[in-house]
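Work through the exercises below with the sequence and the model open beside you. Try each task before reading its solution.

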Amino acid sequence: MHFQGAVELVRLLDRLTRRPRWPRRDLPLPIVHLKHPAGVASPVDALANRPATTRGSRVAFARVDGGGNDPRGLRPVLDDAVAQLAGKVRGVSPLRFPHYALVVWLLELRVPAEVGADDEERAIAHEFRNHLRHRIRLGSGPTGQEVRATGWDIAQDFPWWIRLVIALTPRIGLALTAMLWRPATWVGQQPVAGRSGLGLYRLARAFVKEEPADAHPDDVRHLLVQAFLEDLRRSHRRWTPWGTGRRRTGHPWLLVEGVGDATAGEELVEAIGRARNTAAETVSGRRWWRVDHLSRLDPLLVVTAGEWSGPEDVRGVHPADAPAGYRDWLALLARSGNWVLRFDVDPRVPAPGVAGALSQVEPLRLRRAVTAPLVLTLFAASLAGVPLLNHARCDVWWSPSMRSPLVRVGADCVGVSADPLRDFVPDGLPAEIRADLGDVYGRIMATNAKAAAKPDVVTVVFLSILTPSTANSYQALVEELRGVWVAQNTSSIPIKVLLANGGEGPGGQGLEFGGIAADKIIALAADDPSVVAVTGLTISTNSAKTAIRRLGGNALPVVGILTSADDMAEVNEYYYQVGPNNRREARVAAFYADRHLGIGKVSIFYSGDPSDRYSQNLAEDANTAFAERGIEVTRYEKYRVTTEDGVPPFTLGQSACSDEPGHAVFYAGRAQYLPDFLHGMNSKCQSSTPPVISGDSGSRFVLDGRMAEFPNVRLDYMSFANPSAWTDCAKVPFYKYYLDVFGGTCATMRDGRSAAGHDAVQVIAEGVRQVRRTDPEAPVRPGLLAEISNIRAENAIQGATGVIGFGTNSRVPVDKAILVLRGNADRSSTPLLLCGELPFRTELIASLVQPSDCPEDR
């Protein structure tokens, strides 16, 4: 598995394995084929451990050899697969294959030639009874000792009432089976040799007389695969009273290795594709995933490997583009009827960093299903009205309140909470992050309790993404909250800090439900006059602008921490921010590229997501800033995030190589896509890798330790704050207080997000102080906006991130400090250049260049 894109491929397979909780979210599962050169180890060897080590609910899986060419066709391969899939799986009932068992019985059915036509039914019924008796005898040996039941024995498990009736009266039992047992009815309706709807008995006679296995092998092969898939569909039904299918939270795997031309593996893939397309066309000739996908989808995830190139019209996908490849395959499935998604893998091609990245991929984790008997469920539902309502409002189950500052959206609680430990700390957090998050939440709540006892207390709401999807995002959140708490705890004004969650949204879009959270804050402020302002907002997106627009429309000032898109400060007059905007960031980047790197040409890459205001705006500003410096912009291209135009980041990185001296790349995208982009550069550029300059989002990439994967890449990035700028950051009061409370050293701290959070609260506190300067009992909220706007460049305040003074017609700090740092493999950064003013200038490290002709805001 040490090939480029192995991590993305594994994550795609994990995603396909997880069964959606709701049937409407089910999607077709592809036949994933891993084409590899001859003579290399099969990736199936490594992939087999994935389903075997699943956490939570387990999934059944089978590993079969598809490299042979048995004259019996698919039967040996399918028998092996059924035997393995029917084995015991912890936490769920074993899979049953009655449809497949009936088809096998038909294939093995033999009636003596001397039996006349009048006795054929009796003979067939006796053969059926003998078949069942043979199955029962598999449970003990010839001397009576216990013999372990085989998978095939389990697979043929017929209902007890069929075994009883067949044992007593074979002919009546066979007739009842054909009429009342659904698998028998289904088998009897299947087309064989151009005829369908014969019924089980007539179909059995046809198998005895005509031997269709020899005369019509394609029909028999199709019947075997159809029965196999039908058993899997029925075993995963969600609507049965006892919920056996609902307890299966993962899709079973079928691993087929050695697939080549004219092998059993190729035959199996083609048979499964044909069976799925046949099922798709049973609903008035239309595709079932658009019409009747609830009943016709099968849950089998097939993964094959070998030298086979797949169907003629199938083109290979690079494993690094696995998510995009799956989306493209799904979009074309309705028209093409092609079920094969081919990935071209070659472990012989060097893939630096892949082994380490694979070791960091957590085991596949499936949700555990909780099922109760139907009667108990109905009884509980009759008593659960109030608790369910309160659950939807993220309130305690017994609460009689008719209003709640929270609402549940998906798995997240969105809105305002005074108890973030209860509402915003999910169960699945790693222990270390849970401890840090619990500590800072506990400190904020303790300080809130002290402040609430004072008559002049003011309340500030911290609005951000409090339930992100990654551990790294939680670490960034901890830093921001620590900075907010330091400002709260050291302020002479008693401040309560309430936490508001705007949710991350699908695909990590950021503050997706900011509008809902803003409405909850507005409702809280209407009842509580101590609520004076909102801070947070660490991401520039359309949903963040919506939140600002609603809060400002209700006269609530907002002070952003790390938002930088130019148009954020133009939403309304109630919004200010403590960080520089993209325009200044782009001008400093162009200044650094021109004066210190001697760059003459630059390629600009950015996000194609139209909702990502940060990336697109930074790219526009960079295009202008580099042109003003006389630097030629040779490329200006976007990468694809979901379904918009553009190419995947990996592919875009491959095209970024340049042997030309004086050429650089400016990356204006998000940190989560930077690894794919750099992997693409590594795979293609080799000795022609240009230097990369990144916007401020690159800091997250460095802090996450991803630079260790790219030793040959030079990455310089913009930063709004970083303790490494000082020889000893503990001489700066904020950092000293931080280190005294939370421990560590300047070398281990590395992240400046806490300083930005501190400065945002400091701006609000200064505004409150000025409102009360002449009248300590004056209402704060009506006059706060005017006092914040009076923090000008001529009477600026000194923050931990630099001097903060707003322009006459601007709600962004004038000439705010920006650092240029170089990312190192050990998560540290080397400061290279400073534009703007930082506190304790004499303590800055000697190597930090501080040019006098830095760009100035105009």
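**Exercise 1. Find which residue of β4 stands opposite F61, and describe the strands on either side of β4.**

Solution. Begin at F61 in this predicted model, where the residue standing opposite is W253 of β4. This pair belongs to the contact between strand β3, residues 61–65, and β4, which run in the parallel sense and are joined over five bridges. Next, turn to strand β5, residues 301–306, which also pairs with β4 in the parallel sense over five bridges; here L255 stands opposite V303. Finally, consider how far β4 is covered: of the seven residues in this strand, which spans 253–259, six are buried.

**Exercise 2. Describe helix α25 by its span, its buried residues and the elements against which these pack.**

Solution. The helix covers residues 542–553, and its 12 residues reach 16 Å from the first C-alpha to the last, which is close to the expected 16 Å at 1.5 Å a residue. Its buried residues are S543, A544, K545, A547, I548, L551 and G552. To read such a list, it helps to recall that an α-helix has 3.6 residues a turn, so residues three or four places apart point the same way. The buried residues of α25 pack against strands β10 (458–464), β12 (531–536), β13 and β14, and also against helices α24 (514–527) and α27 (613–628). Just after the helix, A555 takes a positive phi of about 60°.

**Exercise 3. Identify the residues that touch the most other members of the largest nonpolar core, and list the contacts of F666 beyond its sequence neighbours.**

Solution. The largest nonpolar core holds 123 residues, and those touching the most other members are L437, F666 and F677. For F666, leave aside the neighbours within four places in sequence; the contacts that remain are A589, V602, S603, I604, F605, L618, A622, F626, I693, S694 and G695. A second core, separate from this one, has 98 residues, among them L29, F97, A271 and A357.

**Exercise 4. Compare three salt bridges by the distance between their closest N and O atoms and by the accessibility of their partners.**

Solution. Side chains of opposite charge can pair when their charged atoms come close. A pair counts here if a side-chain nitrogen of Lys or Arg is within 4 Å of a carboxyl oxygen of Asp or Glu, and by this rule the count comes to 35 salt bridges.

- Step one: R342 and D344 form a salt bridge with their closest N and O atoms 2.9 Å apart. R342 is buried at a relative accessible area of 12%, whereas D344 is partly exposed at 33%.
- Step two: D566 and R583 form a salt bridge at 3.6 Å. Because D566 lies in the loop between β13 (558–560) and β14 (575–577) while R583 lies in helix α26 (residues 582–595), the pair ties together parts that are 17 residues apart in sequence. D566 is buried at 9% relative accessibility, and R583 is partly exposed at 42%.
- Step three: K601 and E660 meet in a salt bridge at 2.9 Å. K601 belongs to strand β15 (residues 601–607) and E660 to the loop between α28 (649–654) and β17 (663–667), so this pair ties together parts 59 residues apart in sequence. K601 is partly exposed at 26% relative accessibility, and E660 is partly exposed at 39%.

To finish, note that salt bridges sharing partners join D45, R63 and E257 into one network.

Key:
Residues numbered from 1 in each chain as written. Predicted model: local features only at pLDDT ≥ 70, side-chain atom pairs only at ≥ 80, totals over all residues. Heavy atoms only, no water. Buried < 20%, exposed > 50% of the residue type's maximum accessible area, 1.4 Å probe, protein only. Helix = DSSP H or I, 4+ residues; strand = E, 2+ residues; numbered from the N terminus. Core = buried A, V, L, I, M, F, W, Y, C linked by side-chain atoms within 4.5 Å. Contact = heavy atoms within 4.5 Å. Pairing = 2+ DSSP bridges. Expected span 1.5 Å × (residues − 1).
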